[in-house]
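Colleague: Could you walk me through a model and tell me how its labels are earned? I would like the reasoning as well as the values.

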Amino acid sequence: MKQPDLDLITALVHHPYQPPSDFVALQPAVHKASTVVFPDVAALRNRRWLDKSGYTYGLHGTPTSYQLEERLCTLEGGKQCLLAPSGLAAIACVALALLGTGDEVLIPDNAYGPNKSLAQAELLQWGISHAFYDPMDVADLAARITPRTRLVWLEAPGSVSMEFPDLAAMVALCRERGVISALDNTWGAGLAFRPFDLDGDGSHRLGVDISVHALTKYPSGGGDVLMGSVITVDQVLHLRLKLTHMRLGIGVSGNDCETLLRALPSVALRYRAHDAAARELAGWLQRHPCVVQVLHPALPGSPGHAHWQQLCGGAFGGQGAAAGLFSVVFDPRHSQARVDAFCDSLRLFKLGYSWGGPTSLVVPYEIESMRERALPQLRPGTVVRFNVGLEAVEDLRADLAQALEAAFS
Ligand SMILES: *Cc1c(COP(=O)(O)O)cnc(C)c1O
């Protein structure tokens, strides 16, 4: 269909063929672009991208990224969404948008490690101070909020040590003191509790201001996409975040959005499967003589279990929701080397970071070096964290049994 007056190479670029526009399919299309074409100069001059009523440039949104944003708002009960190329980029975007020289950010001592590192390196270098508060002590957080406090991070439960905080009380405190609260909601994933409606009664009286989610984990479910989201319910706050997001140029790819759109319909089913298997294995390990403590918020005796029960206990028809993660403290009479040998002996559980994918993972941690304060809720011993994948639970139990036997007997 070469146009006669154009050179062949020009005709390949400016090709007149347009497919019919009535293609109706259930699966979202992958739209990819840097340039978005305007019909005329007036449209170009009047371009509006802040309210998502049109398109301006690939970085500022495509039909594919808008679709993903809307579905994620549904998942978490929010109204506006920004996408970032990783969970950590989403965390950094919130910090850069809301903090300036002289401000202070408060972070729970058990938070996702790189969030703490960001505060200790870049933020500090820009004159933004930080303090790590005790996640299990609302009074400690209250005492640390000063007129310089601009942002309070929350995480439920904490990374690795799995303590479940009194999230509702902490959010209420931030509200009362007029400080923005941002929750790292990766564990809850929008499924364990409603971050913008912590009472769970639909009243929205009590909720976080910002929910950040590492979509890399449960929404992806495949261990093959890195992405993060920043969800809000307040348009003014959203626009503040969005302008920083735009100036930083942290866009996401259409293909990655499509991978997430494809995985999202099964996220609740997968989450429940991870949860059920993790609870079974955590309960089994709790009875093993080498283990002195199992850190899993749904297990009675785990730090903050009552708070978990209150916030997440009603999910999934009253069974409660608890993701697929737990940690184990091995009896200190077993050396670190023995515990390392246990991890090395596992066959189905692979050594590696992250979670939410189909493959079970294990990581040993030196938890004392990760915390500023003592951990009175934790028994002494070596901590190992498990991410339970989607394998058959009997196979995982057999794998744990053979590795315990190999390392500790
Ligand atoms: C993985 C994770 C992140 C960061 O996500 P990436 O996409 O890997 O950058 C943030 N918070 C928590 C709790 C996480 O587990």
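Modeller: Happily; this is a predicted model, and we can take its domains and then its pockets.

Colleague: Why is the pairing of Arg 373 with Asp 109 called a salt bridge?

Modeller: The closest N and O atoms of Arg 373 and Asp 109 are 3.4 Å apart. The cut-off is 4 Å between a side-chain nitrogen of Lys or Arg and a carboxyl oxygen of Asp or Glu, so the pair qualifies. Between domain 1 and domain 2 the count is one salt bridge.

Colleague: How do you know which residues count as the contact between domain 1 (60-264) and domain 2 (266-408)?

Modeller: Contact asks for heavy atoms within 4.5 Å, and 38 residues from domain 1 and 38 residues from domain 2 take part. The two domains bury about 3,100 Å² between them, with 62% given by carbon and sulfur atoms. On the domain 1 side, Val 160, Trp 187 and Tyr 218 supply 25% of the buried area, more than any other three residues there.

Colleague: What makes a residue part of the lining of the largest pocket?

Modeller: A lining residue has an atom within 4 Å of a pocket point. The largest pocket holds about 540 Å³ of space, and 32 residues line it, with Tyr 112, Ser 159, Lys 217, Trp 355 and Arg 385 closest to its centre. Each of the two domains gives at least three residues to that lining.

Colleague: Which classes make up the lining of the largest pocket?

Modeller: There are 17 nonpolar, nine polar and six charged residues. Tyr counts as nonpolar, so Tyr 112 belongs with the nonpolar group.

How values were computed: Residues numbered from 1 in each chain as written. Predicted model: local features only at pLDDT ≥ 70, side-chain atom pairs only at ≥ 80, totals over all residues. Heavy atoms only, no water. 1 Å grid on protein atoms, 1.4 Å probe; cavity = no way out; pocket = protein on both sides within 12 Å on 5 of 7 lines; lining within 4 Å. Points joined across faces, edges and corners; volume = space filled by probe spheres on them. Domains from an automatic or database assignment. Buried area = accessible area lost by both parts, 1.4 Å probe.
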